[in-house]
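This report goes through the strands and hairpins of one chain, then the sheet they belong to, and last the relation between the two chains.

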2 protein chains.
Amino acid sequence: MNKKSIQDHYPDELNHCYGCGLFNEHGLHLKSYWDGDKAVANFLPRPYHMAVPGYVYGGLIASIIDCHGIGTAVAEAYRIKHREMGTEPLLIYVTASLQVTYLRPTPLGVPLELRGSVTEVKGRKIVVDVTVTVEGEVSAKGEVVAVQMPESMMFKKSVNRK
Amino acid sequence: MNKKSIQDHYPDELNHCYGCGLFNEHGLHLKSYWDGDKAVANFLPRPYHMAVPGYVYGGLIASIIDCHGIGTAVAEAYRIKHREMGTEPLLIYVTASLQVTYLRPTPLGVPLELRGSVTEVKGRKIVVDVTVTVEGEVSAKGEVVAVQMPESMMFKKSVNRK
């Protein structure tokens, strides 16, 4: 896909997320895109992202639901203000809560499709429902409650940032 | 700590979990131990497990809550039957649902302590509450609903298992 992902619009200095940051060299590099009124992402778990042999690790599923939910929330925040993604003042969201239901084991070795739908926008909060589909079946679903990031969190240095 | 962790008792053929498997060479190797009637685990996130610089990635927090909750459930399942951990017939649990509330940003570069408490045991289900404490403050809390693993899931080969 040639078009820019939602995460490609994140400001460089905050684009280090392990799940979806462009500049995290160890990270998962999840990329989310608008598809009509939903956001979609595709992700192929690595062979070592296993729970038990043959099945995807639940923590990995939670992680990509989290990032895709946040990406959807950020894109929605810009969209409802009729603003270009990534323009200042920045609209950045963090996760207040994450809920994941594992409906069936997710087989390892095949791509996962995530679809995010905004279900609520209220003040600084945006709620996103996410489904994880594998081989045509929804194997997990999640809810991400995203809140606009406090300014104080934006530019702190890690004590062991590389 | 010299004593064996809960995960050290998992059967070798299922001990490949990305979060806590002994034999996952890319994994996080979380280790949980009984401490009275709670289970405790300590984990130092890697520098690249970041959300934004200075703070721990929420997906990593969800992942270690998941593994610690499952470890606590497995240990409890053996304990309430007065059986030695790891003995057959195996008692293995998987995550049915995972809920994480992020109470405050979790600083990166310092160890996290997880404490798990069993709150419900009913049939094949065990519910575990987990807190994540950093520098003396609880930064996140989670609930893991664990269910006994179906036999069919135990020994499937991955299509791309290494």
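In this predicted model, strands β1(A) and β2(A) pair in the antiparallel sense over 4 bridges. Tyr33(A) has Val40(A) in β2(A) as its bridge partner. The two strands form a hairpin with 2 residues between them, and Gly36(A) in the turn has a positive phi of about 65 degrees.

**Chain A as a whole**

Chain A contains 1 helix and 6 strands. Along the sequence these elements follow the pattern β-β-α-β-β-β-β. The radius of gyration of chain A is 15 Å, close to the 15 Å given by the globule rule for 162 residues, so the chain is as compact as a globular protein of that length. Taken along the principal axes, its C-alpha atoms fill a box of roughly 45 × 40 × 30 Å. Of the 162 residues, 44% count as buried. Among the contacts in chain A with a separation of 6 or more, 63% are between residues 24 or more positions apart.

**Hairpins of β4, β5 and β6**

Strands β4(A) and β5(A) run antiparallel and are joined by 9 bridges. Within this pair, Gly116(A) has Val130(A) in β5(A) as its bridge partner. The hairpin they form has 2 residues between the strands, with Gly123(A) in the turn at a positive phi of about 60 degrees.

On its other pairing, β5(A) is antiparallel to β6(A) over 10 bridges. Here Thr131(A) stands opposite Lys141(A) in β6(A). This hairpin also has 2 residues between the strands, and Glu135(A) takes a positive phi near 50 degrees.

Which residues make up the covered face of β5(A), and which the uncovered one? The covered face consists of Ile126(A), Val128(A), Val130(A), Val132(A) and Val134(A), while Lys125(A), Val127(A), Asp129(A), Thr131(A) and Thr133(A) form the uncovered face. Val130(A), the bridge partner of Gly116(A), thus lies on the covered face; Thr131(A), which stands opposite Lys141(A), lies on the uncovered face.

The hairpins of chain A are set out below.

| Hairpin | Residues between strands | Bridges | Residue with positive phi |
|---|---|---|---|
| β1(A) and β2(A) | 2 residues | 4 bridges | Gly36(A), about 65 degrees |
| β4(A) and β5(A) | 2 residues | 9 bridges | Gly123(A), about 60 degrees |
| β5(A) and β6(A) | 2 residues | 10 bridges | Glu135(A), near 50 degrees |

**The sheet across both chains**

The strands of the two chains belong to an open sheet of 12 strands with antiparallel pairing, in the order β1(A)-β2(A)-β4(A)-β5(A)-β6(A)-β3(A)-β3(B)-β6(B)-β5(B)-β4(B)-β2(B)-β1(B). β1(A) and β1(B), each spanning residues 32–35 of its chain, stand at the edges with a single partner strand apiece, so one side of each is left without a neighbour in the sheet. Neighbouring strands are turned by 25 degrees against each other on average, direction ignored.

In chain B, β3(B) and β6(B) run antiparallel and are joined by 9 bridges. Gln99(B) has Glu143(B) in β6(B) as its bridge partner. Helix α1(A) packs on the sheet, touching β1, β2, β3, β4, β5 and β6 of chain A together with β3 of chain B. The direction of α1(A) makes about 135 degrees with that of β3(A). Helix α1(B) packs on the sheet as well, touching β3 of chain A and β1, β2, β3, β4, β5 and β6 of chain B, and its direction makes about 135 degrees with that of β3(B).

**The contact between the chains**

The sheet passes from one chain to the other at β3(A) and β3(B), which pair in the antiparallel sense over 5 bridges. Val100(A) has Leu98(B) as its bridge partner in β3(B).

In total, 46 residues of chain A are in contact with 46 residues of chain B. On the side of chain A that touches chain B, the elements giving two or more residues are α1 (58–80) and β3 (93–102). β3(A) gives the most, with 9 residues. By class, this side has 24 nonpolar, 17 polar and 5 charged residues.

How are the two copies related? Chain A is superposed on chain B by a rotation of 180 degrees with 0.0 Å of shift along its axis, at an RMSD of 0.0 Å. The copies are therefore related as by a two-fold rotation axis. In chain A, the C-alpha nearest the axis is that of Gln99(A), at 2.1 Å. Both copies use the same surface, since 100% of the contact residues of chain A recur in chain B.

Note on methods: Residues numbered from 1 in each chain as written. Chains lettered and ligands numbered in written order. Predicted model: local features only at pLDDT ≥ 70, side-chain atom pairs only at ≥ 80, totals over all residues. Contact = placed C-beta atoms within 7 Å. Nonpolar A, V, L, I, M, F, W, Y, C, P; charged D, E, K, R; others polar. Pairing = 2+ DSSP bridges. Rg over C-alpha atoms; globule rule 2.2 N^0.38 Å. Buried ≥ 20, exposed ≤ 12 C-beta atoms within 10 Å, placed from the backbone. Axes fitted to C-alpha atoms, helices over the stretch in contact; angles between N-to-C directions. Least-squares fit on C-alpha atoms with pLDDT ≥ 70 in both.
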